Amino acid sequence: MSTSVSPSNNPIELKPITFWAPTTKVQRLLALLLLIFQGGITVTGSIVRVTGSGLGCDTWPLCHEGSLVPVAGAAPWIHQAVEFGNRMLTFVLVAAALAVFIAVLGAKRRKEIVVHSFIQGLGIIAQAVIGGITVLVDLHWYAVALHFLPSMVLVFLAATLYTRIGEPDDGEMSSPFPNWIRNVAVVGAVALSVVLITGTMTTGAGVHSGDADISMEDRLDVNIDWIAHVHGYSMYVYLFFTLIVVAGLYKVNASKHNKQLGLMLILFILVQAGIGILQYRLGVPRWSIPFHIAMSSVVVAFTSLLWSQGRVRVGGKATTTGSLDGDAKLEVLSYQKGVKTA
Ligand code: HEM
């Protein structure tokens, strides 16, 4: 870390984010919130769908003509609450993405991290557009699927961002476990994509495609039992590869953290499979869908966390903000603050 704390002899350029050099801890906390909101919005979106609350607010960005918030009597209160809550989460998600972007710029993090957080912002904008198109095409099943799947990509990338932020920019690249385990994790992630795609197809063919008013023509015309079985069997393929990854981690005696991540992923896949089988057996009750969606985000996030542990930066001297320039900037800011308060 630089020992020169005087602003006069410190060469770093404070612009464009001059006022803030957050620590790695703060950056990670913001990235974690972003990850939670990315997953959370798919859950609130599914609650809107299964409760048929889409018209709880009938204008945008106002909830009703002349009112930003729900109005008593304008629509059933539960629909207003669900739709309004979902809209609020969009703003929270945008705020979180913006906060992460400003934080990593402020801390002068490496390009990889800045690009990752920029992609999160771009993804949210793209999702807003896709969401609009989904409504325009009357919630046709493929549009609902194409709206859901990018969110899973964003959850995956948000979890990767969370991992990467924790690694110092000046650290050395290292592989905590052999490459073959990482490659099997990639195969597992591909199998997970198949699970997710066939999941949206199962929904598309089922009773909860789109919303309450969706017509039969807008559903996917395949046998629901058949597609649900393809979906279920692809889950076993995903589970199989994940088990190989975790067995590999134990075989090479990987770190406790990585082994724990692996075990948690297996547990979450089993919980998700349990929910899936239960909802299939019970004839897909509405209440089960948000749980199945929530757990989809959880397994996607943990798949990413485990995979991204395969190549990490270790060591390094940038211990406070994650970047040497950020650490120096923090020193300058602390110095300036000290001068002001003195
Ligand atoms: C890791 C395991 C699993 C994941 C990640 C997963 C993911 C998904 C996803 C993303 C959807 C689409 C949700 C939507 O668009 O609303 C879905 C739907 C569905 N899944 Fe799974 N699933 C898993 C395992 C299972 C299993 C083992 C079954 C048992 C057959 C199952 C049964 C269903 C059913 C019946 C639907 C349709 C629900 C509806 O009509 O909305 N899932 N799944």
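**Entry 1. The end of helix 2**

I looked first at what follows helix 2, and found K108, whose phi is positive, near 55 degrees. Helices here are DSSP runs of H or I with at least four residues, strands are runs of E with at least two, and both are numbered from the N terminus. I note that the model is predicted, so local features need pLDDT of at least 70 and side-chain atom pairs count only at pLDDT 80 or more, while totals for chains, interfaces and linings use all residues. Residues are numbered from 1 along each chain as its sequence is written, and side-chain values use heavy atoms, with hydrogens and water left out.

K108 is a residue other than glycine, and its phi is nevertheless positive. I placed K108 in the loop between helix 2 and helix 3 (111–136). Is K108 buried, partly exposed or exposed? K108 is partly exposed, because its relative accessible area is 22%; buried means under 20%, exposed over 50% and partly exposed in between, with a 1.4 Å probe and protein chains only.

I then checked helix 2 itself, residues 77–106. Its 30 residues reach 42 Å from the first C-alpha to the last, close to the 44 Å expected at 1.5 Å a residue. The expected span is 1.5 Å times one less than the number of residues.

**Entry 2. Helix 7 and a second loop**

I repeated the check on helix 7, which has 26 residues. From first C-alpha to last, helix 7 reaches 37 Å, close to the 38 Å expected at 1.5 Å a residue. G283 follows helix 7 and has a positive phi, near 80 degrees.

N253 also has a positive phi, near 50 degrees, in a residue other than glycine. I found N253 in the loop between helix 6 and helix 7. N253 counts as exposed because its relative accessible area is 57%.

**Entry 3. The whole chain**

I recorded nine helices and two strands in the protein. Along the sequence, the pattern is α-α-α-α-β-α-α-α-α-β-α. The C-alpha atoms fill a box of roughly 70 × 60 × 25 Å, taken along the principal axes. Of the 342 residues, 48% count as buried.

**Entry 4. The shell around the ligand**

I turned to the ligand, which has 22 residues around it. Which of them come nearest? They are R49, T203, H231, M235 and H292. A residue is near a molecule if one of its heavy atoms lies within 4 Å of it.

By class, I noted 11 nonpolar, 10 polar and one charged residues in the shell. Ala, Val, Leu, Ile, Met, Phe, Trp, Tyr, Cys and Pro count as nonpolar, Asp, Glu, Lys and Arg as charged, and the others, Gly among them, as polar.

I listed three pairs of polar atoms. A polar side-chain atom of T203 lies 3.2 Å from an oxygen atom of the ligand. For H231, a polar side-chain atom lies 2.7 Å from a nitrogen atom of the ligand. For H292, an N or O atom of the side chain is 2.8 Å from a ligand nitrogen atom. The elements that give two or more residues to the shell are helix 5 (179–205), helix 6 (224–251), helix 7 (256–281) and helix 8 (288–308). Helix 5 gives the most, with six residues.

**Entry 5. The iron site**

Which residues coordinate the iron atom of the ligand? I found H231 and H292, each through NE2, at 2.0 Å. Donors are N, O and S atoms within 2.8 Å of the metal (3.2 Å for Na, K and Ca); water is not among the atoms, so sites may look incomplete. The site has six donor atoms with angles of 85 to 179 degrees among them, and is octahedral. For six donors, that term requires opposite donors over 155 degrees apart and all other angles between 65 and 115. The pair links distant parts of the chain, with H231 in helix 6 and H292 in helix 8, 61 residues apart.

I checked the accessibility of both histidines. H231 counts as buried because its relative accessibility is 17%. H292 also counts as buried, because its value is 15%.

**Entry 6. Two buried helix residues**

I293 is in helix 8 and is buried, with a relative accessible area of 11%. From C-alpha to C-alpha, I293 and Q272 are 9.1 Å apart, with their positions 21 residues apart in sequence.

A145 is in helix 4 (residues 141–165). At 7% relative accessibility, A145 is likewise buried. I found the C-alpha atoms of A145 and T198 separated by 9.7 Å, although the two are 53 residues apart along the chain.

How values were computed:
A polar contact is a pair of N or O atoms within 3.5 Å; within protein, one must be able to donate a hydrogen and the other to accept it, and residues adjacent in sequence count only if both atoms are side-chain atoms. Four donors count as tetrahedral if all angles lie between 85 and 135 degrees; four count as square planar and six as octahedral if opposite donors are over 155 degrees apart and all others between 65 and 115; anything else is irregular.
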